Amino acid sequence: MPHRRKSIRDAVVALVTGLPSGATVTTGRVHPAAISALPTIDVSTPEETSESLVDGTSHRQLTVAVNIRSDGVTYYDELDAIALDVESAISADRDLGGLVDDIKVESTSTEESGDMETPVGLMALLFTCAYSVDVTDPQ
């Protein structure tokens with residue numbers, strides 16, 4: 001079985017795939033997608049903290065980053081519309097099918113870039129997942 005982090009990433013990808021925006025969904029993208037491929041949603045898990053208890057349980061807090069990219073004159077509007085769809089999809093399954101105790105949005109940030117042939121906006125939604133595993137079996 002995969003590590004619980006991978007299962008959580010996969011669950012979030014499944015929830016945000018096929019949203020009305022038609023955004024292409026990836027995991028762990030390092031380089032930005034081509035303008036012609038926008039809008040995109042990339043899901044990653046950049047950070048996790050854990051606390052091991054005497055009973056052999058590890059309580060974990062996992063950050064799930066959902067990065068949305070869009071282009072064009074009204075990219076802020078499109079970013080907000082996609083973010084609404086993402087938050088709605090995730091809030092409809094707050095325990096990700098039993099993988100986590102809870103998932104909630106912690107922060108949202110936006111940035112813009114004029115480095116490409118058309119302006120591009122990026123919105124980063126950071127979610128925190130709380131879950132527990134046995135320290136000898138992090139699945």
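Select Ser44 to begin; this residue belongs to strand 2 of a predicted model. Is Ser44 buried or exposed? Its relative accessibility is 19%, and because buried means under 20% relative accessible area, Ser44 counts as buried. Display its surroundings next. Apart from residues up to four places away in sequence, Ser44 touches Arg9, Thr63, Val64, Ala65 and Asn67.

**The sheet**

Now colour the strands. The sheet is open and consists of five strands in the order 1-2-3-5-4, with mixed pairing. Strand 1 (24-27) and strand 4 (102-113) stand at the edges; each has a single partner strand, so one side of each lacks a neighbour in the sheet. With direction ignored, neighbouring strands of this sheet are turned by 25 degrees against each other on average.

Begin the walk across the sheet at strand 1. Strand 1 and strand 2 run parallel and are joined by four bridges. To find one position in this pairing, select Thr24, whose bridge partner in strand 2 is Thr40.

Continue from strand 2 to strand 3. These two strands pair in the antiparallel sense, over eleven bridges. Select Ser52 and then Ser58 of strand 3, which stand opposite one another. Strand 2 and strand 3 form a hairpin with four residues between the strands, and Gly56 in this hairpin takes a positive phi near 90 degrees.

The next selection is residues 57-71 together with residues 120-134. How many bridges join strand 3 to strand 5? There are 15, and the two strands run antiparallel. Thr63 offers a convenient marker here: its bridge partner in strand 5 is Thr128. Thr63 is also one of the residues that Ser44 touches, which leads back to the starting point of the tour.

**The helices across the sheet**

Select residues 4-16 to show helix 1. Helix 1 lies across strand 1, strand 2 (40-52), strand 3, strand 4 and strand 5, and runs at about 145 degrees to strand 2.

Then select residues 75-91, which make up helix 2. Which strands does helix 2 lie across? They are strand 2, strand 3, strand 4 and strand 5, and helix 2 runs at about 15 degrees to strand 5.

**The loop between strand 1 and strand 2**

Move to Ser36, which is found in the loop between strand 1 and strand 2. Ser36 is exposed, with a relative accessible area of 75%. Draw a distance from the C-alpha atom of Ser36 to that of Pro46: the two residues are ten apart along the chain, and the separation is 27 Å.

Pro39 also lies in the loop between strand 1 and strand 2. Select Leu38 together with Pro39 to inspect the peptide bond between them. This bond is cis, with omega of about 5 degrees.

**The loop between helix 2 and strand 4**

Select Asp93, which has its place in the loop between helix 2 and strand 4. Asp93 is partly exposed, and its relative accessible area is 23%. Leaving aside neighbours within four places in sequence, Asp93 is in contact with Leu15 and Ile103. For a distance across the model, select Leu62 as well: Asp93 and Leu62 are 31 residues apart in sequence, and their C-alpha atoms are 16 Å apart in space.

Leu96 is found in the loop between helix 2 and strand 4 too. Is Leu96 buried or exposed? Leu96 is buried, with a relative accessible area of 3%. The backbone also merits inspection at this residue: although Leu96 is not a glycine, it has a positive phi of about 45 degrees.

**The whole protein**

Finally, return to a view of the complete chain. The secondary structure comes to two helices and five strands, and from the N terminus on these elements run α-β-β-β-α-β-β. Taken along the principal axes, the C-alpha atoms fill a box of roughly 55 × 25 × 25 Å.

Colouring by accessibility gives another view of the chain. Of the 139 residues in the protein, 38% are buried. The accessible surface comes to about 7400 Å², and 49% of it belongs to carbon and sulfur atoms. Among contacts with a separation of 6 or more, 62% are accounted for by residues 24 or more positions apart.

As a last selection, display the charged residues. The protein has 9 positive and 23 negative charges, and the mean positions of these two groups are 7 Å apart.

Definitions and conventions. Residues are numbered from 1 along each chain as its sequence is written. This is a predicted model: local features need pLDDT of at least 70, side-chain atom pairs count only at pLDDT 80 or more; totals for chains, interfaces and linings use all residues. Side-chain values use heavy atoms; hydrogens and water are left out. Two strands pair if DSSP finds at least two bridges between them. Axes are lines fitted to C-alpha atoms, for helices over the stretch in contact, and angles run from 0 to 180 degrees between N-to-C directions. Contact means heavy atoms within 4.5 Å. Buried means under 20% relative accessible area, exposed over 50%, partly exposed in between (1.4 Å probe, protein chains only). Accessible areas come from the Shrake-Rupley method with a 1.4 Å probe; for residues, only the protein chains shown count as cover. Lys and Arg count as positive and Asp and Glu as negative; His and the chain ends are not counted. The place of a charge is taken as NZ of Lys, CZ of Arg, CG of Asp or CD of Glu.
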